[in-house]
Amino acid sequence: MITKEIQLRVRYKETDAMGVVHHSNFTTYYETARTEMLRGFGTTYRILEESGVMLPVRDVVMRFFTPARYDDLLTVRITLREMPSVRMIFDHEIYNEKGELVNTGTVVLVFMNAASRKACRVPDWFADLFRPYF
């Protein structure tokens, strides 16, 4: 398993009429954490896509525990739970400044050949980035 943390501050536009972060924004928080995790390993979605492979989202499952509100500083803990193969599974935990669990979520992405739009295995160069951790 590989676990990383990022912090982000809730922007006003991410809240609803109740002053709570709208549920749709949590997928953006997850994506931000994934992007930063990949960047930490020396790659990006752009590099992967330029190599002819895409990573569309197959599944998103989330649970809510306590509200997040405007200007809260959130910590997003992201875990890559297994070595990438034909898919990547990321678990997310989001905490507020008090250390309270706000949200959990799992996102499954699948490797897809950009030209054929068919599922494919993880490229060797991409897998090599994560291999030392598994």
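**Figure 1. Five strands form an open, antiparallel sheet in this predicted model.** The strand order is β1-β4-β5-β6-β3. Strands β1 (2-9) and β3 (57-64) lie at the edges, each pairing on one side only. Averaged over the sheet and with direction ignored, neighbouring strands are turned by 20° against each other. At one edge, seven bridges join β3 to β6 (residues 101-110) in the antiparallel sense. Within this pairing, R63 has T104 of β6 as its bridge partner.

**Figure 2. Strand β4 is shown with its partners β1 and β5.** Antiparallel pairing of β1 with β4 extends over eight bridges, and L8 stands opposite L74 of β4. Strands β4 and β5 also run antiparallel, joined by six bridges. In this second pairing, V76 faces I94 of β5 as its opposite residue. The connection from β4 to β5 is a hairpin through six residues. Because six of the eight residues of β4 are buried, the strand is largely enclosed by the rest of the structure.

**Figure 3. Helix α1 packs on the sheet.** The helix, residues 25-40, touches β1, β3, β4 (73-80), β5 (87-95) and β6. The direction of α1 makes about 65° with that of β6. With 16 residues at 1.5 Å a residue, α1 should span 22 Å, and the 23 Å between its end C-alpha atoms agrees with this expectation. The buried residues of α1 are N25, F26, Y29, Y30, A33, R34, M37 and L38. Just after the helix, G42 adopts a positive phi of about 85°.

**Figure 4. The largest nonpolar core contains 33 residues.** Those with the most contacts inside the core are Y29, M88, I94, F111, F126 and F130. Two or more residues come from each of β1, α1, α2 (45-50), β4, β5, β6 and α3. Helix α1 supplies the largest share, six residues. In soluble globular proteins, nonpolar side chains tend to be buried together. The surroundings of F130 illustrate the packing: leaving aside residues up to four places away in sequence, F130 touches I2, L38, F41, L80, M83, P84 and M88.

**Figure 5. Ring pairs link F41, F111, W125, F126, F130 and Y133 into a cluster.** The structure holds eight aromatic pairs. One of them, F111 with F126, is edge-to-face, with 5.7 Å centre to centre and 70° between the planes. F111 lies in the loop between β6 and β7 (112-113), whereas F126 belongs to helix α3 (residues 124-130), so this pair ties together parts that are 15 residues apart in sequence. Both F111 and F126 are buried. The rings of F126 and F130 have centres 5.2 Å apart and planes at 55°, so they form a tilted pair. F126 and F130 are four residues apart in α3 and are therefore separated by about one helical turn. F130 is buried, as is F126.

**Figure 6. The surroundings of W125 in helix α3 are shown in detail.** W125 is partly exposed, because its relative accessible area of 34% falls between the limits of 20% and 50%. Leaving aside residues up to four places away in sequence, W125 touches T43, I47, L48 and S51. Although W125 and L48 are 77 residues apart along the chain, their C-alpha atoms are separated by 9.8 Å.

**Figure 7. Two residues other than glycine, D71 and R117, have a positive phi.** Most residues other than glycine have a negative phi. D71 lies in the loop between β3 and β4, and its phi is near 75°. At 39% relative accessibility, D71 counts as partly exposed. R117, with phi near 60°, is located in the loop between β7 and α3. Its relative accessibility of 54% places R117 among the exposed residues, the cut-off for that class being over 50%.

Notes. Residues numbered from 1 in each chain as written. Predicted model: local features only at pLDDT ≥ 70, side-chain atom pairs only at ≥ 80, totals over all residues. Heavy atoms only, no water. Pairing = 2+ DSSP bridges. Axes fitted to C-alpha atoms, helices over the stretch in contact; angles between N-to-C directions. Contact = heavy atoms within 4.5 Å. Expected span 1.5 Å × (residues − 1). Buried < 20%, exposed > 50% of the residue type's maximum accessible area, 1.4 Å probe, protein only. Phe/Tyr/Trp six-rings, centres within 6.5 Å; stacked < 30°, edge-to-face > 60°. Core = buried A, V, L, I, M, F, W, Y, C linked by side-chain atoms within 4.5 Å.
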